[in-house]
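Biologist: I am new to this structure and would like a close look at a single part of it. Please begin with how far the model can be trusted, and then take me slowly through one residue and its surroundings.

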Amino acid sequence: MIRKRPNDRSTNRQQPSSLWAKCTSLRSLKQIHASLITKGFNSNPSALREVIFASAMVIAGTIDYAHQLFARISEPDIFMWNTMIRGSAQSQSPLNAIILFVQMENRSMKPDRYTFPFVLKACCRLSWRNMGFGIHGKVMKYGFLENRYLRNTLIYFHANCGDLSVASDLFDVSDKTDVVPWSALTAGYARRGDLDVARRLFDEMPVKDLVSWNVMITGYAKRGEMESARKLFNEVPERDVVTWNAMIAGYVLCGSCGEALEMFEEMKRAGERPDEVTSLSLLSACADSGDLEVGKEIHSSLSEVFCGDFSTVCANALIDMYAKCGSIKMALEVFQGMREKHVTTWNSVILGLAFHGYADESIKLFTEMQRSKVRPNEITFIGVLVACSHAGRVKEGRQYFKLMRDRYNIEPNIRHYGCMVDMLGRSGLLNEAFEFIDSMVIEPNAIIWRTLLGACKIHGNVELGRRANEKLLQMRRCQSGDYVLLSNIYAFQGEWDGAEKVRKLMDDSGVRKEAGCSLVEFEADGKAFMHFLLASETKSGLRHQEPLAALR
């Protein structure tokens, strides 16, 4: 949304040396930097500007090197400060842009009109509303509010995470022939869910750019209004990969995986090259639907597009898809073929093996992960504990639970405790499971008590089942399966009076048993427990980014 200005003079940069034309990697950057030092240019402002610009803006993955170099410059000029703030704002660590800006002010370096748009972009990415308000105040203090580009950036900030009324006020005094403020305000209303206002602005725009079309299509897709999204998609004068991704992700979000795949085929016929977001949307569709054959077709299509050179995120999504579709062999093939394996890569395979009955292999892979010096995270230990639970390895499970805290300083969360309760319950250690729950520093939830209640049914323990059910009913009284499960525990032990009392309690509570509950609901317990364990995996980095979120 923050567009690059034509004739951008924010760098005030002279024509770069031909030396930089061949600089495309960190290695070549270091070689050129070393050459400048040996030739005595290490204190030359012009040469330093070139190195800072190349490492912060031009060469992928070298922003850390830029920070190291910048820290050694005794008196960086405004160009260097702006370049570092700009590079940091668009990096994976936008917080560094804010830190640099604070350092800049502390060192009495006065910001110029080019500084603030980059800081505001960092505020947007961090959703730092208050910080953005403070930057707005500084813009006014320095008298830059009349600068069209900076005012447009302020509209963008307030529309996205600031104050929409301020964005509207700034829009009212902006140049109505400029498409940028129109797009920014439209995007702000769309992303906050007010599609009616966004559509009104969109329809009133004197000129609609592709950004505006994409904003509206994405807005409708996120709300599940795919007919409206498709109508705009058919009307848009030109399309880019974002346009296609919005439609594909929208269909995936609505569960219309067939339409998503058809859109992908249409995209290829139109000659549009899919990107990583496309891949993640499609693989998510296959993982959620469990359609292995379609997943294989997408894998083949993506291999042709990317020549088999998948990014770590995309390869992780492939592994996740194959694991969820039950093809552990294919998941392992993708895993073994990866040059770089991130912790999320290991997690996908460890969890896939654990949940599909390959507990021994899952635990062995965790041991291999430790030998590879990859540090496990909280999701890793969920996979390991699930594997121990399914394999009946209670002793090892206890050891891994202790290892998580003692060696890796990972505090157990509710899901780790749930794994331990499941493991003890499966092994028939019901008293120990109750003692374990009593010792929890986290309040147990309904899923944990339901898990223990199910274990009591399997092992026929009426007394402990009754205690678990009492705890469960204190949290919720509307789930028919909770009553039916305890009733069946009594019935299987021949205690018909107890079974009848539970049925009466269920009737008195106004809870009705749905047909097939005892079969369907209990078969779903395993899936519910899996969902509980992996509900926060997106935040922890196991699953890929939500497709529509990636379009923001």
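Modeller: The chain has a mean pLDDT of 82, and 81% of its residues reach 70 or more, where pLDDT is the predictor's confidence in each residue, from 0 to 100. This is a predicted model, in which local features need pLDDT of at least 70 and side-chain atom pairs count only at pLDDT 80 or more, while totals for chains, interfaces and linings use all residues. Residues are numbered from 1 along each chain as its sequence is written, and side-chain values use heavy atoms, with hydrogens and water left out.

The part to look at is Asp 112, which sits in the loop between helix 5 (95–106) and helix 6 (115–126); helices here are DSSP runs of H or I with at least four residues, numbered from the N terminus. Asp 112 is buried, that is, under 20% relative accessible area with a 1.4 Å probe, counting protein chains only. Even so, Asp 112 has no salt bridge, and the nearest side chain of opposite charge, that of Arg 113, is 6.3 Å away; a salt bridge needs a side-chain nitrogen of Lys or Arg within 4 Å of a carboxyl oxygen of Asp or Glu.

Asp 112 does have polar partners: a polar atom of its side chain lies 2.9 Å from the backbone nitrogen of Tyr 114, and a polar contact of 3.0 Å joins its side chain to that of Thr 115. A polar contact is a pair of N or O atoms within 3.5 Å, where, within protein, one must be able to donate a hydrogen and the other to accept it, and residues adjacent in sequence count only if both atoms are side-chain atoms. Setting aside neighbours within four places in sequence, Asp 112 is in contact (heavy atoms within 4.5 Å) with Ile 78, Asn 82 and Phe 144.

Technical notes. Helix = DSSP H or I, 4+ residues; strand = E, 2+ residues; numbered from the N terminus. Buried < 20%, exposed > 50% of the residue type's maximum accessible area, 1.4 Å probe, protein only. Lys, Arg positive; Asp, Glu negative; His and termini not counted.
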